[in-house]
Amino acid sequence: MNFQDSILKGIQDAFASSFQATIPLEQLSLAPTKKEFEGSYTFVVFPFLKQSQLGPEATATQLGTYLKTNVAAVKDFNVVKGFLNLVVAQEEWIQLFKQVYSSATLGQLPSNGQKVMVEYSSPNTNKPLHLGHLRNNFLGYSVAELLKASGYEVVKANLVNDRGIHICKSMVAYEHFGNEETPASSGLKGDHLAGKYYVLFDSHYKAQQKGLMEGGQSEEDAKKNAPLLLEAQEMLRKWEDQDPEVIGLWNKMNGWVYEGFAATYKRMGVDFDVTYYESNTYLLGKDIVEEGLSKGVFFKKENGSVWVDLTEEGLDEKLVLRGDGTSVYITQDMGTADLKYQDHQINKSVYVVGNEQDYHFDVLFKIMRKLGRSYGPGLYHLSYGMVDLPTGKMKSREGTVVDADELMEEMVATAAHHTKELGKIEGFTEAQATELYEMLGMGALKYFLLKVDPKKRMLFNPQESIEFQGNTGPFIQYSHARIAAILRKAEQIGVNLSADSFANLSELAETESALIQLLNDFERKIKMAAEEYSPAILAQYLFDLAKEYNRFYAELPIFHEKDSQLQSFRVALSLQTAKTIKRGMSLIGIQVPERM
RNA sequence: GCAGACGUAGUUCAACUGGAUAGAAUAUCGGAUUUCGGCUCCGAGGGUUGAGGGUUCGAAUCCUUCCGUCUGUACCA
């Protein structure tokens with residue numbers, strides 16, 4: 001039991017003895033004290049005035065008096081209005097630090113026996129990934145890692161949209177204009193090659209429309225009748241009939257795309273335990289429609305189409321199967337939800353998908369719950385906001401998308417440029433330098449995209465994202481490298497790092513206890529970030545930790561400290577901070593260097 | 001039209017879920033350092049939390065009415 005728990009227990013006892021009131025422990029909580037006031041933890045008494053039958057100040061004072069005499073950790077207290085600020089005894093901080101310092105499982109909570117699937121990325125195979133996908137992938141990866149750290153067993157899944165009219169468009173264009181071009185012959189990454197033909201399709205399609213309209217057709221008709229579109233539709237039919245030639249081309253082009261994606265994923269540092277392909281799942285879900293009809297969850301209209309009535313839940317009636325018996329989007333999603341459960345017996349299922357699909361997932365989850373699925377309550381849509389550019393909205397058709405590969409390349413190049421300018425890499429081999437640039441460039445990018453609350457729409461500012469100062473990834477990476485330098489020196493001169501070496505320490509500076517307080521908060525933050533599916537919570541924490549460390553570093557000497565206990569303690573504190581930063585950054589997918 | 005999300009220093013974001021004088025970063029201005037790393041640290045200015053009303057001891061947060069921005073509302077995926 002650490003002293004926070006003993007303080008809470010003390011408050012509970014104080015209510016019992018001073019006010020004859022029983023308050024469940026869950027209702028009591030401590031907040032960190034604002035820095036303008038003296039103390040480390042604050043208890044807010046307002047909510048408990050009914051139990052105390054006294055005014056706020058009197059209640060707080062009575063509680064404070066009780067705590068000071070009965071709880072060892074509480075050295076002193078002060079009362080401001082209804083806020084009881086508690087000053088923690090120095091020895092308690094040192095005790096707490098020893099506890100944190102000796103933990104063998106830093107940043108890993110015990111298993112909770114639950115299994116969760118996190119589906120993210122989910123690309124289309126007709127074009128390369130862009131900035132929006134970066135947010136999706138970084139979020140998905142990080143949330144999966146956070147869930148793992150907070151005790152879940154995690155399955156990372158990718159559902160690839162590898163079929164449909166958009167893929168056929170790329171294929172049709174390739175047939176017309178491809179001249180047997182391949183990634184090898186063109187020097188293009190496979191996904192970029194497919195994307196090139198998707199764009200070509202669009203421009204030729206538009207030209208045909210224009211021609212038809214000049215020939216007298218309405219815009220609407222021209223869109224429907226353009227030969228290229230008809231060809232793509234015909235190709236989709238052939239694909240569904242398993243036409244060998246079409247399937248052959250489809251396999252060939254998708255193969256190129258997967259090679260391209262593999263390279264992109266590798267650089268992004270994300271991975272998957274399972275990959276689902278829509279070409280395998282798009283026919284699923286029809287049996288669920290039958291099930292829903294027999295359970296009375298769905299109903300049939302005169303033309304044979306099947307619907308679900310969600311008006312009681314505040315939504316509309318929603319189609320789940322067309323009149324001709326063919327599937328719609330949500331039909332296969334129902335099927336895939338069941339498939340995921342059959343394959344992995346998951347308790348929870350997280351979908352990392354943009355917020356333009358809020359309505360869709362609302363409907364899907366309500367249906368699965370109505371059908372009584374055991375995993376129904378565990379369905380969660382991690383809905384994230386769009387990424388805007390300073391120039392305005394991203395639009396693929398207008399060519400204002402930011403390509404993921406290009407952006408990553410640019411970030412790494414900028415990191416290289418910055419680092420060379422600062423000239424801190426003497427002694428690095430070429431390979432080490434390259435590795436460092438990669439770490440810094442990707443760290444800057446990931447941190448920039450993850451530090452914002454996922455739910456919120458965010459602005460991507462290219463200039464600001466590659467900054468190395470302020471609330472950035474490289475600032476935190478720098479802090480780690482700096483501590484690593486200290487640890488190297490400590491080892492060299494043989495500083496004793498065992499907890500015993502500072503056993504009799506009794507005086508701490510304020511920045512030291514503040515650091516301990518932060519270090520102790522690590523696992524709570526992991527838990528919070530996992531529960532809210534928000535890597536931003538952890539990112540913010542790591543920034544605060546790095547800042548607090550830098551303050552400590554600026555204020556107190558380490559190797560110039562004469563007292564060997566203090567010196568050992570400060571190096572140990574540095575070590576613990578480095579470990580925490582390293583582990584925390586890994587949970588948001590960022591690596592930290594030993595030197596930079 | 002209907003539904004939902006959002007609106008916080010010049011800018012980009014926080015605010016531990018209703019708590020204290022709304023905090024960081026950045027930019028601007030001023031300062032520090034015989035130290036183990038000047039990508040560091042300290043300080044200053046900068047706010048009617050879109051507007052009004054309500055609930056509460058207490059509201060950026062909850063309710064309500066406006067205003068603004070965005071998304072969704074396909075027998076598309």
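**Getting to know chain A and RNA strand B**

Biologist: Which element gives the largest share of the surface near RNA strand B?

Modeller: Keep in mind that this is a predicted model. Several elements give two or more residues to the surface near the RNA, among them β4 (83-88), α16 (404-422), α19 (473-493) and α22 (535-555). With 8 residues, the largest share comes from α19.

Biologist: And which residues come nearest to RNA strand B?

Modeller: There are 64 residues around that strand. By class, they split into 30 nonpolar, 18 polar and 16 charged residues. The ones that come nearest are F46, Y329, D453, F468 and G470.

Biologist: Let's zoom out: how many helices and strands does chain A have?

Modeller: Chain A runs to 596 residues, and 39% of them count as buried. Its C-alpha trace spans about 90 × 65 × 40 Å along the principal axes. As for the elements, the chain has 23 helices and 14 strands.

Biologist: Why is strand β11 said to be largely enclosed by the rest of the structure?

Modeller: Strand β11 covers residues 348-354. It has pairing partners: β5 (residues 115-119) pairs with it in the parallel sense over 4 bridges, and β12 (residues 379-384) does so over 6 bridges, also parallel. The call on enclosure rests on burial, because the number of buried residues in β11 is 5 of the 7.

Biologist: What is the bridge partner of V118 in β11?

Modeller: The pairing of β5 and β11 is parallel, with 4 bridges. V118 also turns up among the residues that touch the most other members of the largest nonpolar core. Its bridge partner in β11 is V350.

Biologist: Which helix sits in the β-α-β unit with β11 and β12?

Modeller: The two strands are parallel, paired over 6 bridges, and S349 stands opposite L379 in β12. The unit they make is right-handed. The helix in it is α15.

Biologist: Where does the largest nonpolar core lie?

Modeller: This core has 114 residues, and I7, V118, V143 and L538 touch the most other members. Helix α17 (residues 430-450) gives the most to it, with 11 residues. Both domain 1 (3-88) and domain 2 (404-587) give residues to the core, so it lies between domain 1 and domain 2.

Biologist: Is Y533 buried or exposed?

Modeller: Y533 is found in the loop between α21 (522-531) and α22. Its phi is near 55 degrees, a positive value in a residue other than glycine. Most residues other than glycine have a negative phi. With 24 other C-beta atoms within 10 Å, where 20 or more is the cut-off, Y533 is buried.

Biologist: How about S122, what is its phi?

Modeller: S122 sits in the loop between β5 and α5 (131-149). It has 19 other C-beta atoms within 10 Å, so it is partly exposed. Although S122 is not a glycine, its phi is positive, at about 40 degrees.

Biologist: Last one: is S17 buried or exposed?

Modeller: S17 is found in helix α1 (residues 3-19). Its C-alpha atom is separated by 41 Å from that of S534, which is 517 residues apart from it along the chain. Inside 10 Å, S17 has 12 C-beta neighbours, so it counts as exposed.

Key: Residues numbered from 1 in each chain as written. Chains lettered and ligands numbered in written order. Predicted model: local features only at pLDDT ≥ 70, side-chain atom pairs only at ≥ 80, totals over all residues. Near = placed C-beta within 6 Å. Nonpolar A, V, L, I, M, F, W, Y, C, P; charged D, E, K, R; others polar. Pairing = 2+ DSSP bridges. Right-handed = clockwise from strand over helix to strand, strands pointing away. Core = buried A, V, L, I, M, F, W, Y, C linked by C-beta atoms within 7 Å. Domains from an automatic or database assignment.
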